[in-house]
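Visitor: I'd like to learn how to read a structure like this feature by feature. Could you walk me through it?

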Amino acid sequence: SRERDNADLRFLLDGAKLTKIRSKSWHKSRYFNLMEDCRTIMCSSKKLGKKGNTFLIDDIESVRKGRQTEGLKKHTDPDEEEKCFSIMFKGSKKNLDFMVNSKEEAHRWVTSLEKLMNHAQNLNKKQEREHWFISCMRKADKNKDNKMTLKELKHFLRQVNIEVDDTYVEEIFKKCDTSNSGTLEDLEIEEFYSLLTKREEIDVIYAKYAKTEGEMSARDLLDFLLNEQREQATIESALKLIEKHELDEAAKQKKRMTKDGFVMYLNQEDGCIFNPAHSPVYQDMSQPLNHYFISSSHNTYLMEDQLKGPSSTEAYVKALMKSCRCVELDCWDGPNGEPIIYHGYTLTSKILFKDVIRAIKDYAFKTSPYPVILSLENHCTVEQQQLMAHHLIDILGSALVTKPLGDTMPASLPSPEELKGKFLVKGKRLNKLDAMFSNNNTTVEEDSVSEEDEAVDCKENDQKKAKIKLAKELSDIVIYCKSVHFGGFEHARDNQSFYEMSSLKESKAFQLADASATAFIHHNMDKLTRIYPAGSRTDSSNYNPVPMWNVGCQIVALNFQTNTKEMHLNQGRFLPNGFCGYILKPEFQRSPSSQFNPQSLTEGPWLQKKVLHVLVISAQQLPKLNKDKQNSIVDPLVKVEIQGVAADNDKKTTHHIENNGFNPMWNTKFEFPISVPELALLRFVVEDHDSASQNDYIGQYCLPLTSVRNGYRHVPLLTKRGDIIPSAGLFVHIMLMDQK
């Protein structure tokens, strides 16, 4: 396999001529090859190795085989399917579409690039740190002689985001320049690196427990795991950690952990704040669907704002790859009899309904096996509705739920486990579900139903709720998610079946959550509720989902394309349980005898009074925000916040540290009293302090309090989009204790 990997690497290094495709007429040759650093790809219009545009392997989100992008579908012929592939980038960078001479060559490009991406991801933290360090070194080495002068060293320090006064720079320089040559080379550079990456805060912890000839024996490490990390560790688990993280073979032979090994352990999954036991699917997935929070998207087709931005199948792919399990389709009559999707009455662009269903089918279960709900907002004529039903049945095939799972009329919703790999259609239905099981064969033909509540909200004030004709074919495939108008909790209790669900606008939902929280929670114990953003949020901003989860709402739909705090909370809520898009609600939101009210906390199983102690110790390698500005070194501060029931909500901020994004230290202690830990989320935000204007965002991390681990922990940092920032992180100490 290693030979194969080397051959793939050689293939990329040698490069080749590809046809880049932008439109029907724009098919141009481009020379494409991997550069010697094995991290950068060059795309040149001249010839191999000549200067051109470059991008990093780290910037690639995925490589797709075949005509999977809108561009390739539009601008190439179907019979060239197997010769095409695309490179999709993180962030807003446009994808690259290519065609090559043969199916084999396309396959080779895709597999080779995927291998290289995997390799880049698998670089462990130490390699990552050194990679990062060496690439900055190269940039700073102006004359490329692999030696660094004092001047180059100063430039280098600016590159790594640390400002050191000149006397200190000279001190480090003299200390490392053992050959007195006026430059640093080889081992001197290594020494410089170790001085620069010194972690005093870890030295102190290590020294306290390294009681065996200055190193940690397995017994010493076990003491640390039991006393500091509060883990249920054994001597076997301590030995496993040494085997896994120790870099020094001699120490490993002696079953000991050096300081380097200890730093490795703290920086990886075993030392992470997020409990790795919650990383796979670990919850009971056999409860009815309405017992789960379900990751849900609003107007999923939109890439940007709600009024004039583009609609795209790519937006569905992005949401599904983030494990979104409920997507929305606004369907309108299109030309040539083909239904289209766009935001009605606006200038957003239009896409074909059938293209969206194909994209959903291809990507629905790549990150999660659990069911996907297709929330239809139907504005089509009967003829085009019939075509919608045809496309759904034809494209999704047996994965589409078209009848209840059992042979008898069910009494509750099926579970995510029973619905693995299935699609559910949410929409209007002409009759009750029981009709499918009754003996009198009265079939209902097309008839009028009231419009979806959200459709009405989108209209001008004077337009009243309209009736629309509903095609029997479309009605028949709405099984477990029949849309009905919400007429109050009492009305719902007396008249609404378990498979009938309502959609509520955020303002109405927040009003109900404030006034009748307990009734709302009980309503959600046997029915699904969907919440959607106000129509006034034309910029695709979001509401806070937490109060909606507090009252047990399952389908809390957010604009997935808007990467602000609300989406970070959503990502944190769904981080555990295999990031599968389903989180089991706490028992007190599922048990009919529960009297839980998030507004006024009485005694009950939900009340578990705790105190969360957070010591924000330090950060490592925070990214520079403005790489073009010479002196743009960050002044970082950390915000720690709790989002949960109103009584638990709190936010605290450290002081800022001047000019140090490389290894700032705060050692700031915070305390948070917690009443309902099962609904609380913990969020860390790192910002660049600015006294004159709003602070700039550097990174954040959010997770449920129930997945937080005690002790000295590494907190990864994510970009606004939710991608991990390589090498960066916070170092904290956490202790969640019972209130005395």
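**Charged pairs, and on from there**

Guide: Let's start with one residue: at 15% relative accessibility, Arg590 counts as buried. Keep in mind that this is a predicted model.

Visitor: Which residue forms a salt bridge with Arg590?

Guide: The general idea comes first. Side chains of opposite charge can pair when their charged atoms come close. Here the partner of Arg590 is Glu587, and the closest N and O atoms are 3.6 Å apart. Glu587 counts as partly exposed, at 48% relative accessibility.

Visitor: How many salt bridges does the structure hold?

Guide: There are 32 salt bridges. Take Asp305 and Lys308, whose closest N and O atoms are 3.4 Å apart. Asp305 is buried because its relative accessible area, 16%, falls under the 20% cut-off. Lys308 is exposed, at 61%.

Visitor: And the salt bridge of Asp526: where does its partner Lys527 sit, buried or exposed?

Guide: Lys527 is buried, with 6% relative accessibility. Asp526, on the other hand, is partly exposed at 39%. In this salt bridge the closest N and O atoms are 3.1 Å apart.

Visitor: What about salt bridges that join up into a network? Which residues are linked that way?

Guide: One such network links Asp8, Arg108 and Lys115.

Visitor: Let's turn to a charged side chain in a helix. What does the side chain of Glu152 reach?

Guide: A side chain can make a polar contact with the backbone as well as with another side chain. The side chain of Glu152 reaches the backbone nitrogen of Thr149, at 3.1 Å. Glu152 itself lies in helix α5, which covers residues 150-159. Glu152 is also buried, with a relative accessible area of 6%.

**An annotated site**

Visitor: How do I read an annotation against the model? Which residues does "binding site" cover?

Guide: Look up the positions, then see where they fall in space. The UniProt annotation "binding site", from an unreviewed entry, covers Ile633, Asp635 and Asn659. Those residues span 27 residues in sequence, yet no two of their C-alpha atoms are more than 6.8 Å apart, so they gather at one spot.

Visitor: Where does Asp635 lie?

Guide: Asp635 is in the loop between β23 (610-620) and β24 (636-643). Its relative accessible area is 15%, so Asp635 is buried. Leaving out residues up to four places away in sequence, Asp635 touches His656, Ile657, Glu658, Asn659, Glu687, Asp688 and His689.

Visitor: Asn659 is in that list and in the annotation too. What lies 2.7 Å from the backbone nitrogen of Asn659?

Guide: A polar atom of the side chain of Asp635. Asn659 sits in the loop between β25 (650-653) and β26 (665-674), and is partly exposed with a relative accessible area of 24%.

**Strands**

Visitor: Since β26 has come up, which of its residues are on the covered face?

Guide: For a strand, ask which side chains are on each face. In β26 the covered face has Trp666, Thr668, Phe670, Phe672 and Ile674, while the uncovered face has Met665, Asn667, Lys669, Glu671 and Pro673.

Visitor: In what sense do β23 and β26 pair?

Guide: They pair in the antiparallel sense, over eight bridges. To find your place, use Val614, whose bridge partner in β26 is Phe670.

Visitor: Why is strand β29 described as largely enclosed?

Guide: Because eight of the eight residues of β29 (residues 711-718) are buried, the strand is largely enclosed by the rest of the structure. β29 pairs with strand β30 (residues 724-738) in the antiparallel sense over seven bridges, and the bridge partner of Pro716 in β30 is Gly729. The hairpin of these two strands has five residues between them, and there Gly722 takes a positive phi near 100°.

**Aromatic rings**

Visitor: How many aromatic pairs are there?

Guide: The count comes to 29 aromatic pairs. Among them is Phe224 with Tyr265, an edge-to-face pair at 6.4 Å centre to centre, with 85° between the planes. Phe224 lies in helix α9 (residues 218-227) and Tyr265 in helix α12 (residues 259-267), so the pair ties together parts that are 41 residues apart in sequence. Phe224 and Tyr265 are both buried.

Visitor: Which residues form an aromatic cluster?

Guide: Phe11, Phe32, Phe55, Phe85, Phe89, Phe98 and Trp109 form one aromatic cluster.

Note on methods: Residues numbered from 1 in each chain as written. Predicted model: local features only at pLDDT ≥ 70, side-chain atom pairs only at ≥ 80, totals over all residues. Heavy atoms only, no water. Helix = DSSP H or I, 4+ residues; strand = E, 2+ residues; numbered from the N terminus. Buried < 20%, exposed > 50% of the residue type's maximum accessible area, 1.4 Å probe, protein only. Polar contact = N/O pair within 3.5 Å; in protein donor to acceptor, adjacent residues only side chain to side chain. Salt bridge = Lys/Arg side-chain N within 4 Å of Asp/Glu carboxyl O. UniProt positions renumbered as here; feature names shortened; annotations may be inferred. Contact = heavy atoms within 4.5 Å. Pairing = 2+ DSSP bridges. Phe/Tyr/Trp six-rings, centres within 6.5 Å; stacked < 30°, edge-to-face > 60°.
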